[in-house]
Amino acid sequence: MNHPSCSDHAHNGLPRRKFMTSLGSGLAGISLASLLQEEAQASGHQPPTGQPHFRPKAKSVIWLFMRGGVSHMESFDPKPMLTKYAGKSINETPWKDVQDPEKLKKVRVVVVNDANGQQRNKVYPLQVGYKKYGESGIEISDWFPHIGNSVDDISIVRSMWTTDDNHGAQVQFHSGRHMLDGRVPTVGAWINYGLGSLNQNLPQFINMGPRYFDVRDGHYLGPAYDSVPLKVDPKNPLPYAKPELDLSHREQQIEFSLVNQLNRLTAEQYPNDNTLQARMKSYELAFRMQTAVPEVIRFDQETKETQDLYGLNDPTTKPFGMQLLAARRFVEKGVRFIQIMHGPGAAGAWDSHSNLQKSHSKLAKQVDQPAAGLLKDLKRRGLLQDTIVVFATEFGRTPGSQGSNGRDHHPYGFSIWMAGGGLKGGVAHGTTDELGFHAVEHPHYVTDVHATLMKQLGLNARLLEVPGHKRIEMDFGHPIDDIIA
């Protein structure tokens with residue numbers, strides 16, 4: 001028999017709805033994300049068992065995403081031919097066929113004749129030098145020397161491609177779907193959905209840094225699988241999670257105890273109300289998180305050497321370094337998926353339509369040392385074998401110039417790298433042509449990265465489909481087996 005939800009009842013004249021709403025507002029910043037999974041079950045949506053489908057090689061993912069589009073030619077796929085043919089049109093190079101209309105068909109344009117996402121024909125020279133690093137001798141640009149020194153621990157994939165020529169590609173990289181297709185769950189949401197918790201006091205899916213275009217993850221899976229937004233701020237790590245009133249820890253305990261008692265009275269009246277049971281556990285977890293999360297980001301527990309490793313001693317590297325050090329501490333505590341977005345603004349700071357040399361050199365300095373420091377710290381603690389680090393971006397940048405000193409969006413070929421969790425080190429997989437235009441050897445659509453993560457985490461994505469929401473073949477991708485150890 002249908003009946004109102006527990007918050008609609010009153011006991012002894014107490015207005016339950018008003019009281020619960022007031023309490024719930026203090027949890028808005030964490031969106032009740034990881035708190036409502038059991039409520040999703042109660043609504044008839046039955047998630048998996050929380051167990052991997054086969055033996056995993058990794059437990060957690062740290063996902064670093066450079067918003068705006070990193071130039072692959074000036075990072076992890078140097079192209080000296082750009083300098084050799086600088087100032088010439090692409091038609092004047094030996095690779096004029098890269099602009100064959102048949103080869104450009106895969107892109108789906110959101111805004112026709114937009115000022116960005118256009119073909120740029122005048123070859124623009126490399127804006128930075130490069131050299132070989134490590135025993136593997138992989139070439140990396142001089143803007144990323146610290147990552148270069150860790151190249152023997154990473155797999156670079158130089159043959160990524162996507163279909164969105166504008167910044168909806170940020171959403172596409174995370175979900176696999178073009179902006180024109182509507183919103184579907186992101187890779188972090190699917191992993192959160194498929195695997196059980198490793199720590200009952202912490203959320204299993206965290207986001208740090210700016211998001212635009214789409215700030216949700218769960219979509220048809222429900223808000224239970226959205227990321228929990230956190231800030232690296234010991235005074236306020238859970239935005240909006242503090243109680244509206246200035247309550248002491250003891251006063252909050254009393255408040256939660258009272259809510260629990262009221263819920264139990266309702267549970268006696270409606271013993272089959274699974275939603276009520278889920279809410280009771282949700283509020284209990286919320287209370288535990290208010291203590292557990294601030295404890296994780298207490299960097300004063302780290303040695304000065306470790307803090308320096310992440311660049312916390314330099315104002316340029318400190319903001320990103322703090323996020324990455326927090327990520328390592330969250331991994332230690334059992335958080336499954338930590339997503340860190342770098343680059344403010346709707347388009348993202350890496351969107352270098354002009355002044356590429358100035359902007360990319362500045363941004364690379366912000367992330368290079370912290371990212372390499374994270375790899376070294378995870379490795380020396382024995383955590384890299386269980387943790388996959390992904391360094392990705394939405395697309396690359398054009399071989400041709402935009403204006404006098406910038407590059408436009410480029411979805412046809414670009415680079416990412418991955419490390420840890422049973423992946424090979426010292427590998428440069430896939431290639432683009434000599435101009436860096438197309439992914440020509442071992443091309444990989446963005447969901448191949450998702451599939452690689454799923455495989456290493458012991459998940460079969462095809463077993464995670466939800467009735468009523470058919471996934472298409474492109475959603476699943478294919479593991480990049482050549483980089484798996």
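Select Phe205 and Phe337 to begin: both are buried, where buried means under 20% relative accessible area, exposed over 50% and partly exposed in between, with a 1.4 Å probe and protein chains only. This is a predicted model, in which local features need pLDDT of at least 70 and side-chain atom pairs count only at pLDDT 80 or more, while totals for chains, interfaces and linings use all residues. Residues are numbered from 1 along each chain as its sequence is written, and side-chain values use heavy atoms, with hydrogens and water left out.

**The aromatic residues**

Stay on Phe337, which counts as buried at 0% relative accessibility. The ring centres of Phe205 and Phe337 are 5.3 Å apart and their planes stand at 85 degrees, so the pair is edge-to-face. Rings of Phe, Tyr and Trp (for Trp, the six-membered ring) pair if their centres lie within 6.5 Å; planes under 30 degrees apart count as stacked, over 60 as edge-to-face and the rest as tilted. Phe205 is in strand S7 (residues 205–208) and Phe337 in strand S9, so this pair links distant parts of the chain, 132 residues apart. Helices (H or I, at least four residues) and strands (E, at least two) are DSSP runs, numbered from the N terminus.

By the pairing rule there are 15 aromatic pairs. Add Trp63 to the selection: its ring centre is 5.9 Å from that of Phe337 and the planes are at 35 degrees, so this pair is tilted. Trp63 belongs to strand S3 (residues 60–66) and Phe337 to strand S9 (residues 337–342), so the pair ties together parts 274 residues apart in sequence. Trp63 is buried too, with a relative accessible area of 0%.

To see the whole group, select Trp63, Phe65, Phe173, Phe205, Phe337 and Phe414, which form one aromatic cluster.

**After S3: Asp77**

Follow the chain from S3 into the loop that leads to H3, where Asp77 is placed. Asp77 has 3% relative accessibility and counts as buried. Which residues does Asp77 contact, leaving aside its neighbours within four places in sequence? They are His72, Arg158, Ser415 and Thr432, with contact meaning heavy atoms within 4.5 Å.

**Val110**

Go next to the loop between helix H3 (80–84) and strand S4 (130–133), and pick Val110. At 39% relative accessibility, Val110 is partly exposed. Beyond its neighbours within four places in sequence, Val110 is in contact with Asp164, His178 and Leu180. Show His167 as well: from C-alpha to C-alpha, Val110 and His167 are 9.9 Å apart, with their positions 57 residues apart in sequence.

**Helices H6 and H12**

Now display H6 (residues 187–194) and H12 (residues 447–456), which pack at an angle of about 20 degrees with their axes 11 Å apart. Axes are lines fitted to C-alpha atoms, for helices over the stretch in contact, and angles run from 0 to 180 degrees between N-to-C directions. H6 and H12 are therefore roughly parallel to each other; angles under 35 degrees count as roughly parallel, over 145 as roughly antiparallel, 65 to 115 as roughly perpendicular and the rest as oblique.

Show side chains where they meet: Val187, Trp190 and Ile191 in H6 against His450, Leu453 and Met454 in H12. Of the residues in this contact, five are nonpolar, one is polar and none is charged. Here Ala, Val, Leu, Ile, Met, Phe, Trp, Tyr, Cys and Pro count as nonpolar, Asp, Glu, Lys and Arg as charged, and the others, Gly among them, as polar.

Keep H12 selected and colour by accessibility: nine of its ten residues are buried, including Thr447, Asp448 and Gln456. After H12 comes Gly458, with a positive phi near 85 degrees.

**Two loop residues with positive phi**

Most residues other than glycine have a negative phi. Select Asn355, which is not a glycine yet has a positive phi of about 50 degrees. Asn355 sits in the loop between S9 and helix H11 (356–380) and is partly exposed, with a relative accessible area of 41%.

Then select His442, whose phi is also positive, near 55 degrees. His442 is in the loop between strands S16 (439–441) and S17 (444–445), and is partly exposed at 38% relative accessible area.

**Last stop: Asp308**

Finish at Asp308 in helix H9 (residues 304–309). Is Asp308 buried or partly exposed? Asp308 is partly exposed, with a relative accessible area of 21%. Outside its neighbours within four places in sequence, Asp308 contacts Asn313 and Gln369. The C-alpha atoms of Asp308 and Gln369 are 9.7 Å apart, and the two residues are 61 residues apart along the chain.
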